[in-house]
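Open the model in your viewer and keep the sequence beside it. This tour goes stop by stop, with something to select at each one.

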Amino acid sequence: MLQVYNTMTRQKEIFKPLVKGEVSIYCCGVTPYNTPHIGNARPFVTWDVIRRYFNRQGYKVRYIQNFTDVDDKIIAAANREGVTWKDISERYIKDYFKVMNALNVQPADLYPKVSENMDDIIAMIKTLVDKGFAYKLDNGDVFYSVEKDESYGKLSGRKVEDMQAGARVEVDDRKRHPMDFALWKSAKPGEPAWESYWGKGRPGWHIECSAMSLKYLGEKFDFHGGGSDLIFPHHENEIAQSQAAIGDEHCFAQYWVHNGFITINNEKMSKSTGNFFTIADILKKYSGEVVRFFLLQTHYRSPLDFSEERVQEAQVAYNRLKNSYDNLNFLVAKIEADEFVKGGKNPMVSMSQAGGLVELAERLYSAFDDAMNDDFNTALAISHMFELSRDVNSYYNDFIAGKISPRGTDAYMIMRVSEVFTDMASTIGIFENIEAEEVAANSELVEKLINLVISIRQDARAAKNWTEADKIRDELKDIGITIEDTPQGVKWKI
RNA sequence: GGCGACAUAGCCAAGUGGUAAGGCCGAGGUCUGCAAAAUCUCUAUCCCCAGUCCGAUUCUGGGUGUCGCCUCCA
């Protein structure tokens, strides 16, 4: 049974989908005015894992993620560079996809944009005005009136009065209440503008997510999420607008899921303070899967401090798991090439080792699910992979040493272990891009050349010419090829 | 000022009312020509004080510290 921490109730709740067997998710996407930093990656990697997990549990998932492509910061960037707002948003949307692809984040089912859903946004604002929840100023600005909304503040747990007291906001005295927020902003010269009931202008921040989530997922949907800085005011305002417009306090998202921040030296990473690392820079040194693994080693709601040392650590840990994954694939390849297995014969071999291993794998497999079911605890889930990894490697070592051979029933057990391990890996989304990369790297020519070099080195070793053998190994290492001497022959990897 | 979160080994990080997963680093052993990889062994009275309980790291209250939101922000 899946339990999810719901920001709305501030506790874990048992997840019950609105429609049996289906899950609908709206995750707040980015405002494309800048290249994404590592902090931006966290919600999307988190949701990617959640989607994968639901998919694996047999749910039909509908996942929507917007681009807020009409925004002050985009306009500012466009003016600075002397290009159009569309040039800016398109450039950074492209950046976004490039980076997410490297992080192995599966694409959303739909990426609605503000600029392409203007009619729905305007219609929603009109409903709010008509119902008396919003008011128009003489200049054409339209504001949402928090005083008309008794339940305003229920997500973030604040009261309108409390916020007034210490608000650092520059109060716009044209507003009826300091907490009122813009639904529509009248156009200023040189800004992109759309026709509306209130004259030319553009939407305020917040309304786009309400309009687009309701449009594409319906009046009620299961999940809505994003970074925890969106709880207030963004998501609070979305709830207010949506429920006021529809007139149902139970409509809109049922579960609110927010990820913790990524910090640098324990301070929040933020574009506005210049305190950030871009994902593109990190990817120059580490693969997307390692960065992803780094993120998932901590529970999504905890803060996560970023540093190169931490990622390096994640790299080492990742390699460990990857090594077991490779070992398992190696064993399976051996099994598949073995006639004994195909015929299902040779049950003579002791099944104790493989039997113990498969038993452990099944136990950890269900522990893995338990961890994921407990508010998507990837950190715990991953620890179970390490536990399996240890025994897999021991088994592999024994095989390499010629002590055992996975034949007969054992063969099927090992294949099952491999299946389990692979499934865990794909649930958290690792060891997927790798293969494509390896295939590309290991072209036939490269493979032949390396085998030639290795065979020369083997001759040197046979002649006990260690100096020569070590020199070859060191130089291959410098090129990025690692050599391992095992009783079963030489293994190499790039 | 209002609201909230967190405090677990050298570092990172799960978790539980009955003395605590996993990873990194470190020490020692096995394997190896030497390595590498792997494996084995070793490393924590869970911020402080009080309370509840047979028993608390886990619950309650207080304290201290760190961080976040209240302004654009994933």
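Select Asn266 in chain A of this predicted model. Asn266 sits in the loop between β11 (262-264) and β12 (267-268). What is the sign of its phi? Asn266 has a positive phi of about 65°, although it is not a glycine.

**Zoom out to the domains**

Colour chain A in three parts: domain 1 (3-306), domain 2 (309-436) and domain 3 (442-493). Now look at domain 1 and domain 3 together. Their C-alpha centres lie 53 Å apart.

**The hairpin**

Go to residues 3-6, strand β1, and residues 11-14, strand β2. These strands run antiparallel and are joined by four bridges. Pick Asn6: its bridge partner in β2 is Gln11. Four residues lie between the two strands of this hairpin. Click Arg10 in the turn, where phi is positive, at about 55°.

**The parallel sheet**

Next, show β3 (22-27), β4 (60-65) and β10 (252-259), and add β9, residues 220-227. In what order do the four strands of this open sheet lie? The order is β4-β3-β9-β10, with parallel pairing. β4 and β10 stand at the edges, each with a single partner strand, so one side of each has no neighbour in the sheet. From one strand to the next, the twist averages 25°.

Stay with β9 and β10. Seven bridges join them, and the two strands run parallel. Select Gly227 and look in β10 for its bridge partner, Asn259.

Now add the helices. α7 packs on the sheet and touches β9 and β10. The direction of α7 makes about 175° with that of β10. Helix α1 (residues 38-56) lies across β3, β4, β9 and β10. α1 runs at about 175° to β3.

**A cis bond and a helix pair**

Select Phe232 and Pro233. The peptide bond from Phe232 to Pro233 is cis, with omega near 0°. Pro233 is found in helix α7.

Show α7 in full, residues 231-246, and bring in α6, residues 207-217. How do two packed helices get described? By the angle between their axes and the distance between the axes. Here the angle is about 55° and the axes are 8 Å apart. That makes α6 oblique to α7. The crossing of α6 past α7 is right-handed.

Show the side chains where the helices meet. From α6, pick Ile207, Cys209, Ser210 and Leu214. From α7, pick Glu238, Gln241 and Ser242. The residues of this contact divide into three nonpolar, three polar and one charged.

**The antiparallel sheet**

For the last stop, select β5 (134-136) and β8 (201-203), then β6, residues 142-144, and β7 (181-186). These four strands form an open sheet in the order β5-β6-β7-β8, with antiparallel pairing. Which are the edge strands? They are β5 and β8, and each pairs on one side only. Neighbouring strands of this sheet are turned by 20° against each other on average, direction ignored.

Zoom in on β5 and β6. Three bridges join these antiparallel strands. Click Tyr135: opposite stands Phe143 in β6.

Finish with helix α4, residues 118-130. α4 lies across β5, β6, β7 and β8, and runs at about 100° to β5.

Conventions:
Residues numbered from 1 in each chain as written. Chains lettered and ligands numbered in written order. Predicted model: local features only at pLDDT ≥ 70, side-chain atom pairs only at ≥ 80, totals over all residues. Domains from an automatic or database assignment. Pairing = 2+ DSSP bridges. Axes fitted to C-alpha atoms, helices over the stretch in contact; angles between N-to-C directions. Parallel < 35°, antiparallel > 145°, perpendicular 65-115°, else oblique. Left-handed = near helix turned anticlockwise from the far one by under 90°. Contact = placed C-beta atoms within 7 Å. Nonpolar A, V, L, I, M, F, W, Y, C, P; charged D, E, K, R; others polar.
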